[in-house]
Amino acid sequence: MDNRFFVMILSLVVTLMLAASPSALAKVDPDTVVGMWLFEEGAGDVAKDTSKTGNDGTIAGPKKWRDGKFGQALEFNGNDVYVEVESNKSIILEELTIVAWANLEPSQGARWQSIMMRGQNPRNYLLVVDRDSQKLQLSITKGAPGAWAGPIAGPVITGDGWHHLAGVIGEKAGLVIYTDGEEVGKQAYAKPSLDANPARMRIGDGSNGGHQCEGLLDEVALFNVPLEQDDIKTIMENGLEKATGLLAVEPESKLTTIWGKLKAGL
């Protein structure tokens, strides 16, 4: 077939890709992303951070990936699977936002299920499923160890499929939690302890263990600013890549793949 036809097809593909690219739709400032873990690896021991910060996580325990809300999701077994990010300056935060898609099994009366946690006591931040109510909880230590703050509220979020979860900490915003894009709980701001112990951050378990998730997590991210509700809804509805413009796979790679398929099929 005439090469001019290939050029025409390729030009159309490029136009469509640019129009639909995450950078064209981005609403959330990518420079505020401390870590973005999409769990698209499918194998290996590393959960890639696709932000500019480079907070790759180490995956502990047996590794399994399942269908997620956007591509793949990482499976947590309620026992020994978690993702650990080593302590560094970028994850020590006074103001922040945590977001995640979660599809978790019930754990009422048995254990909390930590979406993300830095420090046990004192703790910098924790977004978790409350052990007793099975609702979303945002928790910090304010000041001395044992001085807790943070709301528990909203619907039961275990045993009921996928839910989008978010926790916000900000001097003006307060301590706020969102379930499926809706604000469900709020408290006045209290500065979280920055002297977390242990200092590491974990996804899918507590920083010191004992808070294991059971089920699937997808599209987990940490921001160094308190996002507004509209931003959280944008992330929920469009995915982190489109919302931030941060691509897990560069457009050039996608274009090369598409061009190769076109040539093979025509």
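This passage walks through the strands, one helix, the charged contacts and the unusual backbone spots of a predicted model.

Some ground rules come first. The model is predicted, so local features are taken at pLDDT of at least 70 and side-chain atom pairs at pLDDT 80 or more, while totals for chains, interfaces and linings use all residues. Residues are numbered from 1 along each chain as its sequence is written, and side-chain values rest on heavy atoms, with hydrogens and water left out.

Strand 14 (174–179) is a handy place to start. Helices (H or I, at least four residues) and strands (E, at least two) are DSSP runs numbered from the N terminus. "Buried" stands for under 20% relative accessible area, "exposed" for over 50%, and "partly exposed" for what lies in between, with a 1.4 Å probe and protein chains only. On that scale, 6 of the 6 residues of strand 14 are buried. Gly 174, Val 176 and Tyr 178 point one way, Leu 175, Ile 177 and Thr 179 point the other way, and all are buried.

Strand 14 has partners on record too, where pairing takes at least two DSSP bridges between two strands. Strand 13 (163–170) runs antiparallel to strand 14, and 6 bridges join them. Across that pairing, Leu 165 stands opposite Thr 179, and the hairpin linking the two strands passes through 3 residues. Strand 15 (182–187) also pairs with strand 14 in the antiparallel sense, this time over 5 bridges. Here Leu 175 has Gln 187 of strand 15 as its bridge partner. The hairpin of strand 14 and strand 15 has 2 residues between the strands, and Asp 180 in that hairpin takes a positive phi near 55 degrees.

Strand 14 turns up again in the surroundings of helix 3. This helix covers residues 229–238, and its buried residues are Asp 231, Ile 232, Thr 234, Ile 235 and Met 236. Those buried residues pack against strand 7 (96–104), strand 13, strand 14, strand 17 (214–223) and helix 4 (240–244), with contact taken as heavy atoms within 4.5 Å. Right after helix 3 comes Gly 239, with a positive phi near 90 degrees.

Next come the charges. A salt bridge is a side-chain nitrogen of Lys or Arg within 4 Å of a carboxyl oxygen of Asp or Glu, and by that rule the count comes to 12. One of these joins Arg 66 and Glu 75, at 3.2 Å from N to O. Arg 66 is partly exposed at 38% relative accessibility, and Glu 75 is partly exposed at 24%.

Glu 84 is part of a network of salt bridges with Arg 200, Arg 202 and Asp 205. Between Arg 200 and Glu 84, the closest N and O atoms are 3.8 Å apart. Arg 200 lies in the loop between strand 15 and strand 16 (201–203), and Glu 84 lies in strand 6 (residues 82–85), so this pair ties together parts that are 116 residues apart in sequence. Both ends are partly exposed, Arg 200 at 26% and Glu 84 at 22%. Glu 84 also meets Arg 202 in a salt bridge, at 2.8 Å from N to O. With Arg 202 in strand 16 and Glu 84 in strand 6, that pair ties together parts 118 residues apart in sequence. Arg 202 is buried, at 8% relative accessibility.

Arg 202 has another contact: its charged end sits over the ring of Tyr 82, 3.8 Å from the ring centre. For this, NZ of Lys or CZ of Arg has to be within 6 Å of the ring centre and within 35 degrees of the ring normal. The charged end of Lys 69 likewise sits over the ring of Trp 101, 4.6 Å from its centre.

Finally, the backbone has a few oddities. Most residues other than glycine have a negative phi, and most peptide bonds are trans. A cis peptide bond joins Asn 121 and Pro 122, with omega about 5 degrees, and Pro 122 is in the loop between strand 8 (113–118) and strand 9 (125–129). Another cis bond joins Asn 197 and Pro 198, with omega about -5 degrees; Pro 198 is in the loop between strand 15 and strand 16. Gln 134 has a positive phi near 65 degrees, sits in the loop between strand 9 and strand 10 (136–141), and is buried at 3%. Glu 219 has a positive phi of about 55 degrees; this residue belongs to strand 17 and is buried at 5%.
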